[in-house]
Amino acid sequence: MSNSSRKKLLLMGRSGSGKSSMRSIIFSNYSAFDTRRLGATIDVEHSHLRFLGNMTLNLWDCGGQDVFMDNYFGSQQDHIFKMVQVLIHVFDVESKSINKDIDTFVKSLTMLQKYSPQAKIFVLVHKMDLVQLDKREELFEMMMEKLQATADPYRFQLKGFPTSIWDESLYKAWSQIVCSLIPNMSTYHQSLLKFNRILDAEEMILFEKTTFLVISSTSANTPDLDPKRFEKISNIIKNYKQSVTKLRTTFANLVIRGSNNLHFYLDALTDNMVVMIVLREKPGMSQDFLVLDNIKAARKWFEEIEKSDGKKAVDEPKHKLVQA
Amino acid sequence: MEATLVSNPKDSSATILLMGLRRGGKSSICKVVFHNMQPLDTLYLESTSKPTTEHFSSLIDLSVMELPGQLNYFEPTYDSERIFASVGALVYVIDSQDEYLNALTNLSMIIEYAYKVNPAINIEVLIHKVDGLSEEYRIDAQRDIMQRTGDELLELGLEGVQVSFYLTSIFDHSIYEAFSRIVQKLIPELPSLENMLDQLVVHSSIDKVFLFDVNSKIYVATDSSPVDIQTYQICAEFIDVTCDLDDLYVEDDKQEMRTLFGEDIRSVSRLNNGCILYLKQMIRGLALVALIRSDEKSDIDKSLAIIDYNVGLFKQALMKVWAHAKLQPANRPAVEN
């Protein structure tokens, strides 16, 4: 069994901070409104998610009530904190007892240092929608400074995101978290750039199919555009996917001729990826067929990369054995 | 319908008057339907203190007037006569989760007055906030309200007045459905629009077609096949998807270019069961959205080409109808004089 294609992600944080809501929205197609039906998570809820074909995300959603927490740090510590690739720690921005929150964070850092010192740590400052717009950035900076200071003694480099389930910030955070686990990131990016050059497109964005998290993109010279557009697109398309299920089907592709002389093409690239291409119109060309055919042609190419992903995963453990 | 327009030549727009007791949900309806506000956010709306009027430019010039609930309409200082004379539809909102006997008395008083001033007025009653009621209780409430209103109007000697009832809630699409029906009653060109859409459906292998107002997601017209609420929802959401994606890539300084030589927005999405969602921008904030079912995969492209051509024809026809409609208000006073 090769372990490097199975990734263990710990989702931790004190009770009520919104851990299960996040998981349900990103991986189970809940709408933000639906999440209020979720009850408290009892102990640890495991979910296994196939991501990009051969990568499996084992998401451990750890219930945050004190009883369970004491268990995690006590009797179950080696079970929970062994072979962790990623820790995602969620902080409720409205929490009354910040010190206690940080306390649990420190505890899990201690455990991680003991059992999996290579783990990546992500911090999500969650429920940002409850903070006034102009204060959000300041508050987030303050929070991150404090958390980094607490993590320094453990030699962990933190990466933090302000998030809220009511806007696209959640997608941004999770895209980056999941991308940090993809081994072939640079190959995907290079191929996408090449593809972009061939079609002379304004922009291409690569999404994972089920979650619609952004894997890679080629933004050339578009500083005027909305910097949050990737997350917004994820959000829009996910809503669309959801609404199409009412016809008991899924969508195959989407072609839009926009108002600004731009054409949008959204089509499946491989079984696990969807590509969105933004193309400026060139006069005298019926490009719709051309682009869709090109996507078909690129399909083989990207499938190859996906497969090579699997090979590497098999190779790597051997390599490690030799080193050991 | 014609009479509404003629009776008030100054104001050619179709006006909807929203009335009801306080806390019935009038402002929330306005915000949700016309301003794309999230239903949950309407909890924080403040009480409306004075009459508000808003205009929406679409195929019909729609304006929505909202009267505060706590107002006494029969005070002499208040020019209710002029208002009632100028509106095409009176929408009365009843809170179904509250005790509604007061509201019914108020309603019949208003109907009596409005009918005297403007016999051509459409009276629509929204039995609102039904999301909190169980299925059978909704039916009971509707029957009860219809019965009591009928009795009250009979007592007042107004049995000829047509009152339509709708069960609505801002948390689902019922409010859009109700408003679509209400707005459709105000469009004098509706029969010809429906006829045109029927023609389009027959000749283009389209399953269902809607003519939407992009801003509010109210459908101005549809073909004569029955409206399936799910199809409506999907079509309405398809507009959102198209517009939202398009908006992301519009740079501010190119706004003018957009109007100069921007072609119409067109969006096509294939679904895995062979259906196609089709959207094409029409004139004046309208969009045509169609659901196309095709069985054989091979001729999708051909049928799309046919549909494109037919929709183009439909758009030209729409422009003619609109040019004609624009002339009417100017002509009518002259005819009268």
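Domain bounds in what follows come from an automatic or database domain assignment. On that basis, chain B of this predicted model is divided into domain 1, residues 15-186, and domain 2, residues 189-324. Where the two parts meet, 16 residues of domain 1 of chain B are in contact with 18 residues of domain 2 of chain B. Between them, these domains bury about 1,700 Å², and 55% of that area lies on carbon and sulfur atoms.

The contact between the two chains can be described in the same terms. Here 35 residues come from chain B and 38 residues from chain A. Chain B and chain A bury about 3,500 Å² between them, with 58% of it on carbon and sulfur atoms. Three residues deserve a look in the viewer: B:Leu245, B:Leu248 and B:Tyr249 supply 23% of the area that chain B buries against chain A, more than any other three residues.

A sheet with strands from both chains comes next. Ten strands form this open, antiparallel sheet, in the order 8(A)-7(A)-11(A)-10(A)-9(A)-9(B)-10(B)-11(B)-7(B)-8(B). Strand 8 (214-219) of chain A and strand 8 (219-222) of chain B stand at the edges, each with a single partner strand, so one side of each has no neighbour in the sheet. From one strand to the next, the twist averages 15°. Towards the chain A edge, strand 7 (residues 203-208) of chain A pairs with strand 8 of chain A in the antiparallel sense over five bridges. Within strand 8 of chain A, A:Ser216 is the bridge partner of A:Leu206.

Helices from both chains pack on this sheet. Helix 8 (residues 229-244) of chain A touches strands 7, 8, 9, 10 and 11 of chain A, together with strand 9 (266-271) and strand 10 (275-281) of chain B. The direction of this chain A helix makes about 55° with that of strand 7 of chain A. Helix 8 (residues 229-248) of chain B, for its part, touches strands 9, 10 and 11 of chain A as well as strands 7, 8, 9, 10 and 11 of chain B. Its direction makes about 60° with that of strand 7 of chain B.

Chain A also holds an open sheet of six strands, in the order 2-3-1-4-5-6 and with mixed pairing. The edge strands are strand 2 (44-51) and strand 6 (158-162) of chain A, each pairing on one side only. Neighbouring strands of this sheet are turned by 20° against each other on average, direction ignored. Strand 2 of chain A pairs with strand 3 (residues 55-62) of chain A in the antiparallel sense over eight bridges, and A:Thr56 in strand 3 of chain A is the bridge partner of A:Arg50.

Two helices lie across strands of the six-stranded sheet. Helix 1 (residues 19-28) of chain A lies across strands 1, 2, 3, 4 and 5 of chain A, running at about 155° to strand 3 of chain A. Helix 5 (residues 136-151) of chain A lies across strands 4, 5 and 6 of chain A and runs at about 160° to strand 6 of chain A.

Helix 1 of chain A also packs with helix 6 (residues 169-179) of chain A, at an angle of about 80° and with the axes 11 Å apart. Helix 1 of chain A is therefore roughly perpendicular to helix 6 of chain A. In this contact, A:Met22, A:Ile25, A:Ile26 and A:Phe27 of helix 1 of chain A meet A:Leu170, A:Tyr171 and A:Trp174 of helix 6 of chain A. By class, the contact has seven nonpolar residues, with no polar and no charged ones.

Technical notes. Residues numbered from 1 in each chain as written. Chains lettered and ligands numbered in written order. Predicted model: local features only at pLDDT ≥ 70, side-chain atom pairs only at ≥ 80, totals over all residues. Heavy atoms only, no water. Pairing = 2+ DSSP bridges. Helix = DSSP H or I, 4+ residues; strand = E, 2+ residues; numbered from the N terminus. Axes fitted to C-alpha atoms, helices over the stretch in contact; angles between N-to-C directions. Contact = heavy atoms within 4.5 Å. Parallel < 35°, antiparallel > 145°, perpendicular 65-115°, else oblique. Nonpolar A, V, L, I, M, F, W, Y, C, P; charged D, E, K, R; others polar. Buried area = accessible area lost by both parts, 1.4 Å probe.
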